[in-house]
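Trainee: Got a minute to walk through this one with me? I'd like to work from the strands inward.

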Amino acid sequence: LMLVYMAWRNPSIYPKTEIKVSSLENNSTENLENNYFLLDPLHRNEAFHIYHVTQATQVGYAKPGLNVISITCTEQTERPFRSTGLIMCGACSEMGQAQGE
């Protein structure tokens, strides 16, 4: 599961953000699994230092069944966190497992 978001150079105008992916196997709350990821929306490419750019980062894994993604900013900044896309790719997961990742 990858999240696409706006990024900026250092210091960032976008807040560090906690991403939580909760998977409910067979839609049962008894099998709840949570994955946490702290996202820092900085881009480090100096060629883009004057631009707002989008960046994609793997933030967890979605499993079959119901998945919930919660996004919580951990600091106050000039601009709010801006999510621009979400990528779910079953083939990507299979390729990663085939390579031992």
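Mentor: Sure, here are some questions and answers on the sheet, the core and one loop residue; keep in mind that the model is predicted.

Trainee: Which strands stand at the edges of the open sheet?
Mentor: Start with the order: 3 strands line up as β4-β1-β6, with antiparallel pairing. An edge strand has a single partner, so one side of it is left without a neighbour in the sheet. That fits β4 (53-58) and β6 (83-87).

Trainee: And in β4, what is the bridge partner of L3?
Mentor: Look at how β1, residues 2-7, runs against β4: they pair in the antiparallel sense over 6 bridges. Within β4, the residue bridged to L3 is T57.

Trainee: Which strand gives the largest share of the largest nonpolar core?
Mentor: That core has 10 residues, among them L3, Y5, I19, L39 and F81. Both β1 and β2 (17-24) supply at least two residues each. The largest share is 3 residues, and the strand behind it is β1.

Trainee: L39 is on that list; which residues beyond its sequence neighbours is it in contact with?
Mentor: Skip anything within four places in sequence. Some of what remains also belongs to the core, including L3 and F81. The full set of contacts for L39 is L3, Y5, P15, K16, T17, I19, T57 and F81.

Trainee: Is D40 buried, partly exposed or exposed?
Mentor: D40 sits in the loop between β3 (32-39) and β4. Its relative accessible area is 29%, and buried would need under 20%, exposed over 50%. So D40 is partly exposed.

How values were computed. Residues are numbered from 1 along each chain as its sequence is written. This is a predicted model: local features need pLDDT of at least 70, side-chain atom pairs count only at pLDDT 80 or more; totals for chains, interfaces and linings use all residues. Side-chain values use heavy atoms; hydrogens and water are left out. Two strands pair if DSSP finds at least two bridges between them. Helices (H or I, at least four residues) and strands (E, at least two) are DSSP runs, numbered from the N terminus. Buried means under 20% relative accessible area, exposed over 50%, partly exposed in between (1.4 Å probe, protein chains only). A nonpolar core is a set of buried Ala, Val, Leu, Ile, Met, Phe, Trp, Tyr and Cys residues joined through side-chain atoms within 4.5 Å. Contact means heavy atoms within 4.5 Å.
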